[in-house]
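Student: I have a structure to look at, and I'd like to understand where the descriptive words come from. Can we go through it together?

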Amino acid sequence: MNTAARSETVIIVGGGIVGIGCAHYLQKAGFDVTVIDRAGIGQACSHGNCGMICPSHVLPLNEPGALREGVLSLLNPSAPLRIRLQMRLDLYRWLLQFARRCTHRQMLEAGQRLLPILESSIDEYRTLFAELPAAGQWKENGLAYVFREQPSLDAFAQTDQLLSETYGITARRIESAELSAFDPALRSDLAGAYVYDHDGSVRPDRLVHDWSTLLAHNGVELVERCGLEAVRKSGNSIESLQTSNGEMKADHFVFALGAWSSKWSDALSCQLPVEPGKGYSVTMSRPEICPRHPMLFPERRIGVTPFDDGLRIGSMMEFVGWDSTIPPQRIQQLQESAAPYLVTPVGGEVHETWFGWRPMTWDSLPIIGRVPELDNAFLATGHNMLGLSMATATGRLIAELIQEHPTHINARAFSPDRF
Ligand SMILES: Cc1cc2nc3c(=O)[nH]c(=O)nc-3n(C[C@H](O)[C@H](O)[C@H](O)COP(=O)(O)OP(=O)(O)OC[C@H]3O[C@@H](n4cnc5c(N)ncnc54)[C@H](O)[C@@H]3O)c2cc1C
């Protein structure tokens, strides 16, 4: 990467994992970087997620059947994918666009577009962790998709075949009898698993902490409790930002506002159809026999991630607006859903219950690129269920785009001008 003129400044608005990723590559390219966040760095959706960095998760939420599941959830408040009726026209527009893309063809196309950014990101993480060993408790020991019922395991065989034939993502199948040798935390009466060995995991709050500490050390200014209030434009560019800390000027601006992005559509003269997709997690002390691997239990739609100092269970996708409650029954549901898979009961000391609003786009693709009407404004948002998994390549793309360099992967499909 060439080095930008020392004097060029960038303000990144939003200090989630995506904003941090952008700061990393811009700082390395020689920009003078400031990150502002109205709360704390990494305290929103990037805090309590499942921590999986998982190219195997290339298939998007828009899959045939997702719509039916969403409609049925209107009658079932404990469904993992849930929609609540609301008086918001933009939600119904979003759902309509989402529904139109729930076809096999669109699902495969979205996967084709996501694959390069997912693969590039995990490579970039490997480079980062070579520089910052043990940051965020990084482990590259795969992701296991575990099934209780034989028919579910056999049905997943088709997905596995699709992943392998369409995207070159391969797994090893583990039969029931071999499960305990693979991971002693798994019960012996399960049907089996598919293990994607090339995925990795982190403890996301620790990663944000370790990575932002490195950035601060390298000269990036991180300003917490500094909220964006207004965007001041002059012709085709942004002149300054009005923030809770006063006016801030820079040469370039990156908006990494996660689920809050759509609130800035008018200010940036750009459609930003990003809906909050609410999910929950519970982090507990490690059970006596703790899983050694991150795991998904697709029959219950939950993820389980072991950390050095705890075990996290996370899941749910709720389109319920900006509801910030954590219903105790959702947390109980997470714990109960994991129990039939694990040898020792989960439910030790609860360290944290959490929710996060995922930045969901209706085509399942992130929004990365220049704001169509503004020369010096860029968007890095809409990372759906995979913001952690795509943060590094997103940051690299943003640095390339600001410098007007060729991009290391084709980013055309992510351009904000598609809406
Ligand atoms: C239960 C759950 C499990 C998940 N598991 C995984 C996983 O295993 N792997 C994976 O890759 N992804 C996972 N995700 C998704 C991932 O967490 C998100 O995609 C990612 O955190 C989005 O990052 P972000 O930086 O875009 O948004 P955020 O982390 O939400 O950051 C946006 C920031 O913008 C700030 N902001 C908003 N408005 C303003 C303003 N006006 N002024 C200044 N700052 C502002 C906010 O304070 C916030 O800090 C999971 C999500 C959930 C809910």
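Student: Why are α1 and α7 called roughly parallel to each other?

Tutor: Keep in mind that this is a predicted model. Angles under 35 degrees count as roughly parallel. Helices α1 and α7 pack at an angle of about 30°, so the two are roughly parallel to each other. Their axes are 10 Å apart, and the crossing is left-handed.

Student: Which residues make that contact?

Tutor: From α1 come Ile17, Ile20, Ala23, His24 and Gln27, and from α7 come Val208, Trp211, Ser212 and Leu215.

Student: What makes six of these residues nonpolar?

Tutor: Ala, Val, Leu, Ile and Trp are among the types that count as nonpolar. The contact of α1 with α7 has six nonpolar residues, along with three polar and no charged ones.

Student: How do the axes of α1 and α9 meet?

Tutor: Those axes come within 7 Å and cross at roughly 35°. The crossing of α1 and α9 is right-handed. Among the residues in this contact are Ile17, Gly21 and Tyr25 of α1, and Gly387, Ala391 and Arg396 of α9. By class, the contact of α1 with α9 has 10 nonpolar, six polar and one charged residues.

Student: What makes a residue count as being around the ligand?

Tutor: The C-beta atom, placed from the backbone, has to lie within 6 Å of the ligand. There are 40 residues around the ligand, and Gly16, Asn49, Gly258, Gly279 and Gly387 come nearest. Helices α1 and α9 each supply at least two residues of this shell, as do strands β14 and β18.

Methods
Residues numbered from 1 in each chain as written. Predicted model: local features only at pLDDT ≥ 70, side-chain atom pairs only at ≥ 80, totals over all residues. Helix = DSSP H or I, 4+ residues; strand = E, 2+ residues; numbered from the N terminus. Axes fitted to C-alpha atoms, helices over the stretch in contact; angles between N-to-C directions. Left-handed = near helix turned anticlockwise from the far one by under 90°. Contact = placed C-beta atoms within 7 Å. Parallel < 35°, antiparallel > 145°, perpendicular 65-115°, else oblique.
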